[in-house]
Amino acid sequence: MGNRLVILTGAGISAESGLRTFRGNDGMWEHENIEDVCTPRALRRDPKRVMDFYNFLRKGLPSHQPNAAHIALAELEDRLGDDFLLITQNVDDLHERAGSKRVLHMHGDLMKLRCTHNENHVFLFDKEETLDTKCPFCGAGTRPDIVFFEEIPLYMDQIQEALRECDDFVYIGTSSVVYPAAGFKNFAKQFGAKVTCLNLEIPAHDRDTDVFIQGKATEIVPKWCKEFK
């Protein structure tokens with residue numbers, strides 16, 4: 001068994017492909033209130049408004065392409081095989097389009113819908129969701145496969161197991177200050193993993209991170225991937 005590597009990616013890696021982040025002044029919330037489009041309450045109150053918001057984001061995805069960082073991670077996965085796991089906080093499909101296969105979207109996936117009756121019924125969807133869209137498995141209604149505020153991120157048991165067993169934990173394009181993702185580095189370190197940060201901004205104080213590499217993801221990630229053993 002080789003080196004078990006777990007990588008966490010955040011908005012910074014997709015920003016270089018032109019995708020706006022969820023947070024920040026230029027974020028995707030600038031024309032919508034979070035309370036109106038990204039809470040369970042909003043979905044109950046006005047499901048069409050919620051669906052239209054994610055339809056808009058989904059429709060815009062094809063105009064953005066994977067960048068050098070996405071491609072480098074996919075190539076690293078090809079080299080490491082099952083010793084590689086990619087966790088992303090992003091809801092875009094850029095990792096998959098770059099060639100990544102072992103990907104967990106902890107905050108959901110814009111290119112999928114979820115059944116409102118059975119949360120295990122999740123399916124690929126690249127069209128426009130409406131109030132008439134039905135789950136192909138059971139015929140119930142659907143919702144965006146997005147983890148709303150107040151909801152628990154996906155795959156947490158699987159992620160925790162991977163963090164417990166990994167030799168290296170690397171977080172890329174994320175400040176790693178928002179929980180639960182912010183706790184991943186500490187959890188992995190407790191079980192002996194080496195923790196590396198590749199980010200545009202480097203935190204001033206972080207006892208859990210062993211190595212900091214500062215710069216644009218498109219510049220530092222390909223170099224790091226080539227050198228990783």
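Which side-chain oxygen reaches to the backbone nitrogen of Ala69 at the start of α5? The first legend below answers this for the predicted model.

**Figure 1. The start and end of helix α5 in the predicted model.** A side-chain oxygen of Asn67 comes to within 2.9 Å of the backbone nitrogen of Ala69, at the start of α5. The helix has 13 residues, which at 1.5 Å a residue should span 18 Å, and the 18 Å between its end C-alpha atoms agrees with this. After α5 comes Gly81, with a positive phi near 65°.

**Figure 2. The buried residues of α5 and what covers them.** Ala69, His70, Ala72, Leu73, Ala74, Leu76, Glu77 and Leu80 of this helix are buried. Their cover includes the strands β1 (5-9), β2 and β7 (168-172). It also includes the helices α1 (11-15), α6 and α9 (217-227).

**Figure 3. Surroundings of His70 in helix α5.** His70 has a relative accessibility of 0% and therefore counts as buried. Leaving aside residues up to four places away in sequence, His70 touches Ile13, Ser14 and Ser17, and also Leu94, His95 and Ala98.

**Figure 4. The salt bridge between Asp82 and Arg102.** The closest N and O atoms of this pair are 3.0 Å apart. Asp82 belongs to the loop between α5 (68-80) and β2 (84-88), and Arg102 to the loop between α6 (94-98) and β3 (103-105), so the salt bridge ties together parts that are 20 residues apart in sequence. Asp82 is exposed, with a relative accessible area of 70%, whereas Arg102 is partly exposed at 29%. The structure as a whole holds 13 salt bridges.

**Figure 5. Helix α4 and its packing.** This helix has 14 residues, and its first and last C-alpha atoms are 20 Å apart, close to the 20 Å expected at 1.5 Å a residue. The buried residues of α4 are Val50, Met51, Phe53, Tyr54, Asn55, Leu57 and Arg58. They pack against the helices α2 (34-37) and α3 (40-45), and against the strands β4 (108-115) and β6 (142-146). Two of these buried residues, Phe53 and Tyr54, form one aromatic cluster with Phe148.

**Figure 6. A salt bridge along α4, and a salt-bridge network.** The side chains of Lys48 and Asp52 meet with an N to O distance of 2.7 Å. These two residues are four residues apart in helix α4 (residues 47-60), which means that about one helical turn separates them. An α-helix has 3.6 residues a turn, so residues three or four places apart point the same way. Both members of the pair are partly exposed: Asp52 has a relative accessibility of 33%, and Lys48 one of 46%. In addition, Asp36, Arg45 and Arg49 are linked in a network of salt bridges.

**Figure 7. The salt bridge between Arg143 and Glu151, with the loop between β6 and α7.** The side chains of Arg143 and Glu151 come together at 2.9 Å, N to O. Arg143 is buried, with a relative accessible area of 9%, whereas Glu151 is partly exposed at 24%. Glu150 lies in the loop between β6 and α7 (156-165). The phi of Glu150 is positive, about 85°, although this residue is not a glycine. With a relative accessible area of 61%, Glu150 is exposed. Tyr155 is placed in the loop between β6 and α7 as well. Its phi is near 65°, again a positive value in a residue other than glycine. Tyr155 is partly exposed, with a relative accessible area of 38%.

**Figure 8. Aromatic pairs, and a charge over a ring.** A search of the whole structure finds six aromatic pairs. One of them, between Phe169 and Tyr171, is stacked, with 6.2 Å centre to centre and 25° between the planes. Phe169 and Tyr171 are both buried. The pair of Phe187 and Phe191 is tilted, with 5.1 Å centre to centre and 50° between the planes. Phe191 counts as partly exposed, at 42% relative accessibility. Arg164 lies over the face of Phe191, at 5.5 Å from the ring centre.

Terms used: Residues are numbered from 1 along each chain as its sequence is written. This is a predicted model: local features need pLDDT of at least 70, side-chain atom pairs count only at pLDDT 80 or more; totals for chains, interfaces and linings use all residues. Side-chain values use heavy atoms; hydrogens and water are left out. A salt bridge is a side-chain nitrogen of Lys or Arg within 4 Å of a carboxyl oxygen of Asp or Glu. Buried means under 20% relative accessible area, exposed over 50%, partly exposed in between (1.4 Å probe, protein chains only). The expected span of a helix is 1.5 Å times one less than its number of residues. Contact means heavy atoms within 4.5 Å. A polar contact is a pair of N or O atoms within 3.5 Å; within protein, one must be able to donate a hydrogen and the other to accept it, and residues adjacent in sequence count only if both atoms are side-chain atoms. Rings of Phe, Tyr and Trp (its six-membered ring) pair if their centres lie within 6.5 Å; planes under 30 degrees apart count as stacked, over 60 as edge-to-face and the rest as tilted. A charge sits over a ring if NZ of Lys or CZ of Arg is within 6 Å of the ring centre and within 35 degrees of the ring normal.
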